[in-house]
Amino acid sequence: MLWLAVYFPHWLLQYQGYHQGLPQGSELALFERQSSQILIASSAAAKLGVETGQSLATAQALSPSLQLLAYEPSLSQEASHWLCQWSYGYSARVVPPVCPFEQARQKKPNESPSLTDTLLLEVGSMAKVFGGLDRLISQYHKTAQDYGLECQFALGENALLAQLGARYRPMFRQAGEPSDDYWPLSQKNEPLSQENAPLSQENTRLLRDNEPQGMSVAPAYPQGAEIEEVAPEVLAQQAYGQERLSQEELSQERLSQEEFVQVTLAQIASLPVSVLPLPQHVLQALENMGLTQVKALLTLPFKELGERFGETVLTLLARLKGQLPQVHEFYQMPESYRHKLALLYEVSHLEGLAFPLGRMLGTLSAYLVQRQQAVLALSLTLVFRDLNLAPLRCEIRYPFAEHRADALLKLCRVQLERLTLEAPVTSLAIQADTLVALSVQTPHWWQGEGESDASMRLLSLLEARLGADKVKGLENHSHHLPEQSWQSRSLSQNRLGAQGRKGASQDAMVSGSNLCAEPRASYQGKTRALSEEATLFTDLFHGLCDGRIRPNWLLRQPEPIGQESVSLLKGPERLHSPWSASPPRDYYLARRHHGGLCWVFRTPEGLFLQGWFG
């Protein structure tokens, strides 16, 4: 397998920043409630001196505009699920990232830790789907940038080497990101000499400070290459006097032309031993023995290492060399959707929930598209600042099964207009369990583009604004009397019934057309409808009809009519059920003297009008 490792240094902060609508580059920090200490700070906050382990007072003194986020275990779960969900569109084999704080909290004695903040995707089987690895990684990188995520990449057939490479030997990285070693990687997989030793911290800092903003190409060049070489695109732009390409465009262009080199063990050998996922007491013992680099550890005999450090070190080295397989727990898309978001501020009016709710519904839309499903109803829960108040739970209905983000938000906002907040809201959650197969409306050739879809959107909006009991459609009912052969039903109930039958998508489309009271031409074609209409009148006036034609319009209840006001054209046709106590009816096609074809019936009580022909 070919693995793509993606290192997200600030994924917990950037998950919150994206869903809360914070501008990119904001000064953010995650802190622990119990100790009131900083766990991690964003790049903007780190530039002002905010560091891990500082007290909240010190951090706020260094950065007055610092926004503090309290860490909760649910935050890492939601963020990991979000990362894996949109990454699932690039590979079916996704290994979720490990949260460093959860790993430290749940760590058992003598247990080997995992590499944190790194997501794995199996991309070898997906290269042809995207037209090559360069396009796959380029599209993934673009999506990550759209979400405001900083990331670093590395490729390798060994997943552990790829994870180490993404963090310490990336193909390309965000400018300003910390890294222990920026020396070029050897394309010949030769051990690095002493001349290629890591830079000192001071020199590394100077290199970082002098780098341009935006994306910079990784140090994954062949040994001896010119790192300061100007790209041909820039020279061409300067020669013709045009504007220079932006750093983002240059990064994407270089990425598309990059010849990806897989991370090898020789390239990881010069890294310090502290980067290996080993227990702290083992790392301390290695340092006390003078083993400071990975290559020094690799040269020692396995037998002596096992006797001194135990099975943990031997297992790790065997996995680094590819001698032992690595067990991965792949991400599984859940059957239902749940998403909870703690707000950074209190919201006292419903309009303030529009932005975070829109981001959450956008994530739901991506989930539905990936699973080729649509949602009929979702549950929205609002948690108030006053914990004595019960959370407000409301059901948002989508009668025609929606999956688009804009339509999900629009109908949700309309239905929320009827609510009143009793107290400020501090968090919200959505849950979608009523999912159905996605049915794409394809307009017929005689319809305007999107006409059917527009009708369904209008009906959904009317039901959301007026209520499900105010907007109804018609459906057939098994009864021999015409006035009882139909009944009204809400659109949502009709949609649920259609999905339960075989051929749910087409049934729902036809049912939707009937419920909308659309003309016959909308589902059979104008040509056929006009032909049948002409045949109807021909049969009526030439006596070829045997009474089986039914009118387009039925009265809710039959109305008495005088014999002298109509002329009977054809009939009778008797309707009677032996299990019914009602008297038999003899139906006729008739014409009113004032004009119009109608359907009448005779009983011992007299003549009654049943319906009209259109």
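## Exercises on a predicted model

**Exercise 1.** In which strand does L344 lie, and which residues distant in sequence is L344 in contact with?

*Solution.* In this predicted model, L344 has its place in strand β10, which covers residues 337-347. The next step is its accessibility: L344 has a relative accessible area of 30% and is therefore partly exposed. Once its neighbours within four places in sequence are set aside, L344 is in contact with Q20, L22, Q67 and L69. A further distance concerns Q16, which is 328 residues away along the chain, although the C-alpha atoms of L344 and Q16 are separated by 8.9 Å.

**Exercise 2.** Determine whether the end-to-end distance of helix α17 agrees with its number of residues, and then describe which residues of the helix are buried and what follows it.

*Solution.* Helix α17 runs over residues 354-371 and thus has 18 residues, for which 1.5 Å a residue gives an expected span of 26 Å. The expected span is obtained by multiplying 1.5 Å by one less than the number of residues. The C-alpha atoms at the ends of α17 are 25 Å apart, so the two values agree. As to burial, the buried residues in α17 are A354, P356, L357, M360, L361, T363, L364, S365, Y367 and L368. After the helix comes Q372, with a positive phi near 55 degrees.

**Exercise 3.** For S76 and T143, find the helix, the burial and the backbone oxygen that lies 2.9 Å from a polar side-chain atom.

*Solution.* Begin with S76, which belongs to helix α4 (residues 73-87) and counts as buried because its relative accessibility is 6%. A polar atom of the S76 side chain lies 2.9 Å from the backbone oxygen of P73. Apart from neighbours within four places in sequence, S76 is in contact with W11, L12, Y71, C99 and E102. Turn then to T143 in helix α7 (residues 133-146), where a relative accessibility of 19% leads to the classification as buried, the cut-off being under 20%. Here the backbone oxygen belongs to Q139, and it lies 2.9 Å from a polar atom of the T143 side chain. With neighbours within four places in sequence again left aside, the contacts of T143 are W86 and Y90.

**Exercise 4.** Which elements are linked by the salt bridges R371 to E335 and R574 to D586, and are these residues buried or exposed?

*Solution.* The count of salt bridges comes to 12. In one of them, the side chains of R371 and E335 meet with an N to O distance of 2.9 Å. This pair joins distant parts of the chain, 36 residues apart, with R371 in helix α17 and E335 in the loop between α16 (311-320) and β10. R371 is partly exposed at 23% relative accessibility, whereas E335 is exposed at 61%. In the salt bridge between R574 and D586, the closest N and O atoms are 2.8 Å apart. Because R574 lies in strand β17 (residues 566-575) and D586 in strand β18 (residues 585-592), the pair ties together parts that are 12 residues apart in sequence. R574 counts as exposed, with 56% relative accessibility, while D586 counts as buried, with 16%.

**Exercise 5.** Locate the nonpolar surface patch that contains L466, and state how accessible L466 is.

*Solution.* The patch is formed by L458, L462 and L466, which together have about 270 Å² of accessible area. L466 lies in helix α19 (residues 451-466), and its relative accessible area of 49% makes L466 partly exposed.

Conventions
Residues numbered from 1 in each chain as written. Predicted model: local features only at pLDDT ≥ 70, side-chain atom pairs only at ≥ 80, totals over all residues. Heavy atoms only, no water. Helix = DSSP H or I, 4+ residues; strand = E, 2+ residues; numbered from the N terminus. Buried < 20%, exposed > 50% of the residue type's maximum accessible area, 1.4 Å probe, protein only. Polar contact = N/O pair within 3.5 Å; in protein donor to acceptor, adjacent residues only side chain to side chain. Contact = heavy atoms within 4.5 Å. Patch = residues over 30% accessible without salt bridge, like charges linked within 9 Å, V, L, I, M, F, W, Y side chains within 5 Å. Areas by Shrake-Rupley, 256 points an atom, 1.4 Å probe, with all protein chains shown as cover. Salt bridge = Lys/Arg side-chain N within 4 Å of Asp/Glu carboxyl O.
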